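Welcome, and please load the model in your viewer with a cartoon representation. We will go from one selection to the next and look at what each one shows.

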Amino acid sequence: MPSFLTISLLCSILWPFSLAKPAQTMAEKDHPIYLSVAEIDYKEEEQALQISIKLFVDDFEQLFSKRLGETVEIGTDREHPQANELLANYVQQHFKLKADGQAIQYKYLGKEMGEKRNIYECYVFLEAKNLSPFAELTINNSLLIEEHFNQLNFAACHTKSQGVQKVISRKGREVQKVRW
């Protein structure tokens with residue numbers, strides 16, 4: 001018998017597809033699911049919050065190409081010279097964290113492409129140092145939400161007191177809180 005968490009997760013994933021959809025382009029019909037997955041871990045002994053976000057670069061290539069008016073590739077031999085800067089700036093604007101109500105300043109450490117068989121996978125790494133222990137983390141994750149009405153942004157938070165806490169951000173519900 002499926003657990004409540006499994007059923008909740010499945011419902012959360014399928015919920016956007018039950019809505020009446022606006023007209024779609026051919027590209028959107030070919031790629032109907034838009035996701036990001038963040039892993040957030042606080043290392044108390046280092047006083048550091050470590051974050052990795054799994055993204056799908058084709059969505060970001062489209063976004064940046066449209067904004068710059070030129071082809072932007074990420075993670076290929078023809079990678080755009082500003083690819084890291086574009087990703088870092090976008091993530092800084094659309095992935096914001098607060099510890100007990102105080103904004104967290106993190107550093108973009110870089111990106112790593114997925115295994116060769118899946119070039120569209122990209123992992124972005126972030127870290128906030130000198131962060132005292134906290135009781136609550138607020139996650140404001142609006143990655144690609146304005147671009148795709150059905151974008152889902154998952155976050156798995158490895159908490160000391162609660163174990164792994166999972167939250168989902170989507171259009172209209174970008175801000176989530178996790179007890180640490």
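In what order do the six strands of the open sheet lie? Colour them one by one and you can read off 5-6-2-1-8-9, with mixed pairing. Keep in mind throughout that this is a predicted model.

Now select the two edges of that sheet. They are strand 5 (107-113) and strand 9 (163-170), each of which pairs on one side only. If you look along the sheet, neighbouring strands are turned by 20 degrees against each other on average, ignoring direction.

Next, pick strand 1 (residues 34-43) together with strand 8 (residues 151-159). These two run parallel and are paired over eight bridges. For a landmark, show I40, which stands opposite C157 in strand 8.

Turn on the helices that cover this sheet. Helix 3 (residues 57-68) lies across strand 1, strand 2 (48-56), strand 5 and strand 6 (121-128), and it runs at about 80 degrees to strand 2. Helix 4 (residues 83-94) also packs on the sheet, where it touches strand 2, strand 5 and strand 6. The direction of helix 4 makes about 125 degrees with that of strand 5.

Time for some side chains. How many aromatic pairs does a search of the whole structure find? There are six. Show Y42 and F134 as sticks: this pair is edge-to-face, with 5.1 Å centre to centre and 65 degrees between the planes. Y42 sits in strand 1 and F134 in the loop between strand 6 and strand 7, so the pair, by the run-based strand numbering, links distant parts of the chain, 92 residues apart.

Move on to strand 3 (95-99) and strand 7 (136-141). They pair in the antiparallel sense over five bridges, and A99 has L137 in strand 7 as its bridge partner. Strand 7 is also joined by five bridges to strand 10 (residues 175-179), again antiparallel. There, N140 is partnered by V175 in strand 10.

Keep N140 and V175 on screen, since both belong to the lining of the second largest pocket. To see the rest, add Q92, F95, K96, L97, K98, A103, I104, Q105, Y106 and T138. The space in this pocket is about 160 Å³.

Which strand gives the most to this lining? Strand 3 does, with four residues, while strand 3 and strand 7 each supply at least two. Colour the lining by residue class to finish: six nonpolar, four polar and two charged.

Methods:
Residues are numbered from 1 along each chain as its sequence is written. This is a predicted model: local features need pLDDT of at least 70, side-chain atom pairs count only at pLDDT 80 or more; totals for chains, interfaces and linings use all residues. Side-chain values use heavy atoms; hydrogens and water are left out. On a 1 Å grid over the protein atoms alone, a cavity is a set of points where a 1.4 Å probe fits but cannot get out, and a pocket is an open set with protein on both sides within 12 Å along at least five of seven lines; lining residues have an atom within 4 Å of a point. Grid points are joined across faces, edges and corners, and a volume is the space filled by probe spheres set on the points. Ala, Val, Leu, Ile, Met, Phe, Trp, Tyr, Cys and Pro count as nonpolar, Asp, Glu, Lys and Arg as charged, and the others, Gly among them, as polar. Two strands pair if DSSP finds at least two bridges between them. Axes are lines fitted to C-alpha atoms, for helices over the stretch in contact, and angles run from 0 to 180 degrees between N-to-C directions. Contact means heavy atoms within 4.5 Å. Rings of Phe, Tyr and Trp (its six-membered ring) pair if their centres lie within 6.5 Å; planes under 30 degrees apart count as stacked, over 60 as edge-to-face and the rest as tilted.
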